Amino acid sequence: NKTLLDKAEISLQLVKYDYGTNDINVIKKAKEASSSDAIAVIGYNYSAPALLSAPIHTEAKIPVIYPSASANRLSTFGKYVHLGSISNQFMVESLAKIASQTLKAKKILILAAVDCAYCMDLSKSFTEEMKKYGVTDIQNIQLLEKESDFLKVAEEAKKLTFDAVFVPNQELTEARLIAALTEAGIKKPFLGADGWGNEGSEFFRVLKGKKFTGYSVTHWHPKLQTKKSQRFVADYMKRYEKLPNDTSVLAYDSMTLLIQALVKTKPLNRENLEKTLSSINTLDGVTGR
């Protein structure tokens, strides 16, 4: 990528905006970035800040690439908003197929955090997708993402009848939920989206060896046998002495997309860069094609 920039005689300067964990700060920093002389924005790891920032960047007409935010609504903004990952809808299509065809599930229990945009988006999409397979017996137990003890949830779940459990939450919340349900004696298969992580290091650390059957979706896996993926893993291991996760790879591929667009855009301004980004239909990245 540096070689591409050098040949195009482009010097890339990165400016970091830290929005922390506060929604108001997300809006503030998005406005700051939009009103700066930046030519593009890349970032916002999660769906909630991405959804808050998208209208701001769209109004300012500055191209923004979201490497790992997967909310379905992000694809409705049109110009200036670009996704670097698969959407929640794509994930639930795969999971619903597994639930219906592999597990033959007729009754589903969904455990989704109501204070999480990503979680509720997945829950709604999964419910609609299961209806396409004729599955309408879907029960919900609502919870909060910040909860640390899911004993009450597990006790409530034990009173219900279901064939599989969908846990569309972030990694630690999902792990705590599955741990609580397995400890309560629930042995039904679990379904999860990309919140489990590609290797699930945090996920399995919380579970502490508890055994369960589970199916999840990931954007990338370190065992992907392509030259680009293997080279990335080797370079990452050499630099950081640990395996990359899927978020790292998505960020890398998104930056690759941005750089490819930068070197193709003349004269280089926000409007022309947006036209170039929108014209790129295929990227052969570390995550795949």
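By contact I mean heavy atoms within 4.5 Å. With that settled, here are my notes on this predicted model.

1. Overall build. The protein has eleven helices alongside eight strands. For 289 residues, a compact globule would come out with a radius of gyration near 19 Å, and the 20 Å found here agrees with that. Along the principal axes, the C-alpha atoms fill a box of roughly 65 × 40 × 35 Å.

2. Inside and outside. Of the 289 residues, 46% are buried. The protein exposes about 15700 Å², and 50% of that area is supplied by carbon and sulfur atoms. As for how the chain packs on itself, take the contacts between residues at least 6 apart in sequence: 64% of them join residues at least 24 apart.

3. The small sheet. Have a look at the open sheet of three strands, which runs in the order 1-2-3 with parallel pairing. Its edges are strand 1 (41-42) and strand 3, each of which pairs on one side only. Strand 1 and strand 2 run parallel and are joined by two bridges. If you want a residue pair to centre the view on, V41 stands opposite V64 in strand 2.

4. S68, in the loop after strand 2. This serine sits in the loop between strand 2 (64-66) and strand 3 (81-83). Despite the loop setting, S68 is buried: its relative accessible area is 11%, and the cut-off for buried is under 20%. Setting aside neighbours within four places in sequence, its contacts are N45, S85, T247 and L250. With N45 there is also a polar approach, as a polar atom of the S68 side chain lies 2.8 Å from the backbone oxygen of N45. Of the other partners, T247 and L250 have numbers that fall in helix 10 (246-264).

5. S34, in helix 2. Here is a second buried serine, this one in a helix: S34 belongs to helix 2 (residues 23-35) and has a relative accessible area of 9%, so it counts as buried. Beyond four places in sequence, S34 touches I56, H57, A60, I62 and R270. Three of those names, I56, H57 and A60, can be looked up in helix 3 (47-60), while R270 belongs to helix 11 (residues 270-279).

6. Helix 11 and its cover. Which residues of helix 11 are buried? They are R270, N272, L273, E274, T276 and L277. The cover over them includes helix 2, helix 3, strand 2, strand 3 and helix 10, so both helices and strands take part. At the start of helix 11, a side-chain oxygen of N269 comes to within 3.3 Å of the backbone nitrogen of E271. It's worth checking this end of the helix on screen together with S34, since R270 is one of the contacts of S34.

7. The disulfide. The structure holds one disulfide, and it joins C116 to C119 with an S to S distance of 2.2 Å. What is its handedness? The torsion about the S-S bond is about 75°, which makes the disulfide right-handed. Both cysteines are out of reach by the accessibility criterion: C116 counts as buried at 5% relative accessibility, and C119 is buried too, with a value of 0%.

Key. Residues are numbered from 1 along each chain as its sequence is written. This is a predicted model: local features need pLDDT of at least 70, side-chain atom pairs count only at pLDDT 80 or more; totals for chains, interfaces and linings use all residues. Side-chain values use heavy atoms; hydrogens and water are left out. Helices (H or I, at least four residues) and strands (E, at least two) are DSSP runs, numbered from the N terminus. Buried means under 20% relative accessible area, exposed over 50%, partly exposed in between (1.4 Å probe, protein chains only). A polar contact is a pair of N or O atoms within 3.5 Å; within protein, one must be able to donate a hydrogen and the other to accept it, and residues adjacent in sequence count only if both atoms are side-chain atoms. A disulfide is a pair of cysteine sulfur atoms within 2.5 Å. The radius of gyration is taken over C-alpha atoms; the globule rule is 2.2 Å times the number of residues to the power 0.38. Accessible areas come from the Shrake-Rupley method with a 1.4 Å probe; for residues, only the protein chains shown count as cover. Two strands pair if DSSP finds at least two bridges between them.
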